[in-house]
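Trainee: I would like a close look at a single part of this model, namely the nonpolar core and the residues that surround it. Could you take me through it slowly, in one connected account?

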Amino acid sequence: MAFFCFFDNTEDQNKVRIPQSGGLVPVILLLNHPNTTIQEQASVCLRNLSLSCGSLADMFDAAAENEAAIVSEGGLPPVVGLLHGTDTLIEQALVVLRNISVNR
């Protein structure tokens with residue numbers, strides 16, 4: 001599942017398709033996977049989904065919707081939990097938290 005999220009940040013379509021197709025909850029669940037590589041892939045996915053990109057008009061819409069969905073789907077506790085992980089997990093978690101906090 002997480003491999004879907006290593007998309008180019010200029011592809012706004014994927015930022016809409018993944019959450020709309022129910023892909024956000026499985027990615028959030030992967031943040032608790034015992035394999036840290038899978039946790040890293042899931043955290044990169046959430047980072048990419050929460051980044052603003054594309055045209056100025058659409059840039060904040062997709063990211064803001066995804067950020068709200070990450071929160072409403074219960075993504076904050078597992079993201080915060082990553083702060084106890086590897087340096088890579090900590091870095092990804094901090095970027096996700098930053099992206100969510102900037103647009104809230």
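Mentor: What follows begins with the overall fold, goes on to the core, and then takes up individual residues one after another.

Please keep in mind throughout that this is a predicted model. The protein has 6 helices and 0 strands, and the order of its elements from the N terminus is accordingly written α-α-α-α-α-α. Of its 104 residues, 38% are buried. If one takes the contacts between residues at least 6 apart in sequence, 64% of them join residues at least 24 apart. The protein exposes about 5500 Å², of which 57% is supplied by carbon and sulfur atoms.

Now to the part you asked about. In soluble globular proteins, nonpolar side chains tend to be buried together. In this model the largest nonpolar core has 18 residues, and Leu24, Leu31, Leu46, Leu49 and Val79 are those with the most contacts inside it. Two or more residues of this core come from each of α2 (24–30), α3 (36–50), α4 (56–72) and α6 (87–102). Leu31 is a useful place to start, and with its neighbours within four places in sequence left aside, its contacts are Gln39, Ala42, Ser43, Leu46, Pro78, Val79 and Leu82. Two of these partners, Leu46 and Val79, are also named among the core residues with the most contacts.

From there we can turn to Leu49, which is likewise one of the residues with the most contacts inside the core, and ask what lies around it. Asn66, a residue of helix α4, has a polar side-chain atom that lies 3.0 Å from the backbone oxygen of Leu49. Asn66 has a relative accessible area of 5%, and because buried means under 20%, it counts as buried. Apart from residues up to four places away in sequence, Asn66 touches Lys15, Pro19, Leu24 and Leu49, and Leu24 is again a residue listed among those with the most contacts in the core. Ala62 is also placed in helix α4 and is buried, at 10% relative accessibility. Between the C-alpha atoms of Ala62 and Leu49 there are 8.3 Å in space, with their positions 13 residues apart in sequence counted as the separation. When residues up to four places away are not counted, Ala62 touches Lys15 and Val16, so that Lys15 is a partner of Ala62 and of Asn66 alike.

Helix α3 also holds Ser50, which at 1% relative accessibility is buried. The side chain of Ser50 reaches the backbone oxygen of Arg47 at 3.0 Å. Beyond four places in sequence, Ser50 is in contact with Ala63, Glu67, Ile70, Val96 and Asn99.

Elsewhere on helix α3 we find Glu40, and this residue leads us to the region of helix α6. Glu40 is partly exposed, with a relative accessible area of 22%, and it touches Thr86, Thr88 and Leu89 when residues up to four places away in sequence are not counted. Leu89 is located in helix α6 and is buried, its relative accessible area being 1%. Although Leu89 and Glu40 are 49 residues apart along the chain, their C-alpha atoms are separated by 5.8 Å. With the same exclusion of sequence neighbours, Leu89 touches Thr36, Gln39, Glu40, Ser43 and Leu82; three of these, Gln39, Ser43 and Leu82, appear among the contacts of Leu31 as well. Glu40 is also 9.5 Å from Ile90, C-alpha to C-alpha, at a distance of 50 residues along the chain.

The loop between α5 and α6 contains Gly85, which is partly exposed at 34% relative accessibility. Gly85 and Glu40 are 45 residues apart in sequence, and their C-alpha atoms are 9.8 Å apart. Leu83 belongs to the loop between α5 (76–81) and α6 too, and at 31% relative accessibility it counts as partly exposed. Together with Val80 and Leu94, Leu83 makes a nonpolar surface patch of about 230 Å².

Definitions and conventions. Residues are numbered from 1 along each chain as its sequence is written. This is a predicted model: local features need pLDDT of at least 70, side-chain atom pairs count only at pLDDT 80 or more; totals for chains, interfaces and linings use all residues. Side-chain values use heavy atoms; hydrogens and water are left out. A nonpolar core is a set of buried Ala, Val, Leu, Ile, Met, Phe, Trp, Tyr and Cys residues joined through side-chain atoms within 4.5 Å. Buried means under 20% relative accessible area, exposed over 50%, partly exposed in between (1.4 Å probe, protein chains only). Helices (H or I, at least four residues) and strands (E, at least two) are DSSP runs, numbered from the N terminus. Contact means heavy atoms within 4.5 Å. Patches are made of residues with over 30% relative accessible area and no salt bridge: like charges are joined within 9 Å, nonpolar side chains (Val, Leu, Ile, Met, Phe, Trp, Tyr) within 5 Å. Accessible areas come from the Shrake-Rupley method with a 1.4 Å probe; for residues, only the protein chains shown count as cover. A salt bridge is a side-chain nitrogen of Lys or Arg within 4 Å of a carboxyl oxygen of Asp or Glu. A polar contact is a pair of N or O atoms within 3.5 Å; within protein, one must be able to donate a hydrogen and the other to accept it, and residues adjacent in sequence count only if both atoms are side-chain atoms.
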